[in-house]
Amino acid sequence: MAQVTLSQISKVYPNGAKAVKPASFDIPDGEFVVLVGPSGCGKSSMLRMIAGLEDISTGDLHIGERRVNDLDPADRDIAMVFQNYALYPHMTVRKNIGYGLQNRKIAKAEINRKVAEASALLNLDDYLDRKPSQLSGGQRQRVAMGRAIVRDPELFLFDEPLSNLDAKLRNQMRIEIKALQRRLGVTAVYVTHDQVEAMTMADRIIVMNAGNIEQIGTPFEVYNRPATTFVASFMGAPPMNLMEGTITDGQVRIGDLVVAQNLDHPAGPVTVGIRPEDIIPDAAGQMKIEVSLVEELGAHRLLHGTLGGHPLSVYVSKDNEVRPGVLHVSLKQNAVSLFGKDTGARLS
């Protein structure tokens, strides 16, 4: 295992495009960190700099005690799992898993032992003599992980490894990858655009946007205390409701509706954030929502409507038989998040 330290790392391409603006963070031994954000946010460039597949424009990268800026990928003691599996189609599963060790001139008996251990760990024993074309997508991804495991790397890197799988298989593989990382105790950096993957797999999440790190925190912190309106709108399905509001005499108002009070904030415009599940149907509630659409999600219903002219989403349980029309609601305690109107940054 190894700690990874990034100090003011950035990536600027020859055309002047800033893929990653100067960023610093530490990844302790054995931690599972997920880089998440929309397409083009810089998360893959960050991962490729750690891997050595992209040159670092500025800053220092340490894996363990070594500064690795100028080391080739093969010398960084990392293993990478790609979105497209990158398997050799003409080789069996057994040969695919052991091929990297063979190139490093490892003894055949040692290769066989390591392949057997990885195969048992990944439930691939029945498929060792098959070729990739005879495997499902999930099995191919297990083979790719087996090839990484046998190297005993200090660091695992995952580049959107589940993007090519269907929804059910993605759910299964999320659990398997996280359980495998826990069992091996290896440090891991995982890139995805899927915020559900980030929330369910990460020890810590790094949310990126337009080359910047917007927030670093545990899934609980990122979801419940988003640092910016971008994080609030990106993390969550559906995302946090964001509405224009004002602070007057210690009260937060959306139009004429008071949604929070007794605040010690200066008066002025703010952005008000409320998670859909923190809004509760309540016949005695003073907030009235105009519900226009009800989505059936099985365990829940998702209501779409407006509050004071602002679009709003509300989660209710399947037992709430809500129909389009006026719905009285109240808010859970501490449900309101406030963000600067101009900066988008969370107000303390």
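Biologist: Among contacts in the protein chain between residues at least 6 apart in sequence, what percentage join residues at least 24 apart?
Modeller: This is a predicted model. Its protein chain has eight helices and 20 strands. Taking contacts between residues at least 6 apart in sequence, the share that joins residues at least 24 apart is 66%.

Biologist: What percentage of the residues in the protein chain are buried?
Modeller: Along the principal axes, the C-alpha atoms fill a box of roughly 75 × 45 × 35 Å. The chain has 348 residues, and the buried part of them is 47%.

Biologist: Which residues does the UniProt annotation "domain: ABC transporter" cover?
Modeller: Over the annotated stretch, residues 4-235, the chain is 36% helix and 25% strand. The end C-alpha atoms of that stretch are 25 Å apart. The annotation comes from an unreviewed UniProt entry and covers residues 4-235.

Biologist: Is helix H1 largely enclosed by the rest of the structure or largely open?
Modeller: H1 runs over residues 43-51. Its buried residues are Lys43, Ser45, Met46, Leu47, Met49, Ile50 and Ala51. Because seven of its nine residues are buried, H1 counts as largely enclosed.

Biologist: Which residue just after H1 takes a positive phi?
Modeller: Most residues other than glycine have a negative phi. Here the phi is about 90°, and the residue just after H1 that takes it is glycine 52.

Biologist: Which helices do the buried residues of H2 pack against?
Modeller: The buried residues in H2 are Val93, Asn96, Ile97, Gly98 and Leu101. In an α-helix, residues three or four places apart point the same way. The packing partners of the buried H2 residues are helix H3 (108-121) and helix H4 (137-149).

Biologist: Is asparagine 96 buried or exposed?
Modeller: Asparagine 96 sits in helix H2, residues 93-103. Beyond its neighbours within four places in sequence, it is in contact with Leu87, Tyr88, Met91, Pro132, Val143 and Arg147. Its relative accessibility is 0%, and buried means under 20%, so asparagine 96 is buried.

Biologist: Which backbone atoms does the side chain of asparagine 96 reach, and at what distances?
Modeller: One partner is the backbone oxygen of methionine 91, at 3.2 Å. The other is the backbone nitrogen of tyrosine 88, and its distance from a polar atom of the asparagine 96 side chain is 2.8 Å.

Biologist: Which element gives the most to the lining of the largest cavity?
Modeller: The structure holds one cavity of 30 Å³ or more, lined by Phe156, Phe158, Ile177, Leu180, Gln181 and Leu184. Strand S7 (155-159) and helix H5 (167-184) each give two or more residues to this lining. By kind, the lining divides into five nonpolar, one polar and no charged residues. With four residues, the element that gives the most is H5.

Biologist: How far apart in space are isoleucine 279 and leucine 121?
Modeller: Isoleucine 279 is in strand S15, residues 279-281, and is buried with a relative accessible area of 2%. Leaving aside neighbours within four places in sequence, its contacts include Asn241, Ile274, Ile289 and Val329. Leucine 121 is 158 residues away in sequence, and from C-alpha to C-alpha the two are apart by 44 Å.

Biologist: Where is proline 238, which a cis peptide bond joins to alanine 237?
Modeller: Most peptide bonds are trans. The bond between alanine 237 and proline 238 is cis, with omega about 0°. Proline 238 belongs to the loop between helix H8 (229-234) and strand S11 (241-248).

Biologist: Is glutamine 8 buried, partly exposed or exposed?
Modeller: Glutamine 8 is in strand S1, residues 4-12. Its phi is positive, near 55°. Its relative accessibility is 47%, and the partly exposed class runs between 20% and 50%, so glutamine 8 is partly exposed.

Biologist: Is aspartate 249 buried or exposed?
Modeller: Aspartate 249 lies in the loop between S11 and strand S12 (251-254). Its phi is positive too, near 50°. Exposed means over 50% relative accessible area, so at 75% aspartate 249 is exposed.

Terms used. Residues numbered from 1 in each chain as written. Predicted model: local features only at pLDDT ≥ 70, side-chain atom pairs only at ≥ 80, totals over all residues. Heavy atoms only, no water. 1 Å grid on protein atoms, 1.4 Å probe; cavity = no way out; pocket = protein on both sides within 12 Å on 5 of 7 lines; lining within 4 Å. Points joined across faces, edges and corners; volume = space filled by probe spheres on them. Nonpolar A, V, L, I, M, F, W, Y, C, P; charged D, E, K, R; others polar. UniProt positions renumbered as here; feature names shortened; annotations may be inferred. Buried < 20%, exposed > 50% of the residue type's maximum accessible area, 1.4 Å probe, protein only. Polar contact = N/O pair within 3.5 Å; in protein donor to acceptor, adjacent residues only side chain to side chain. Contact = heavy atoms within 4.5 Å.
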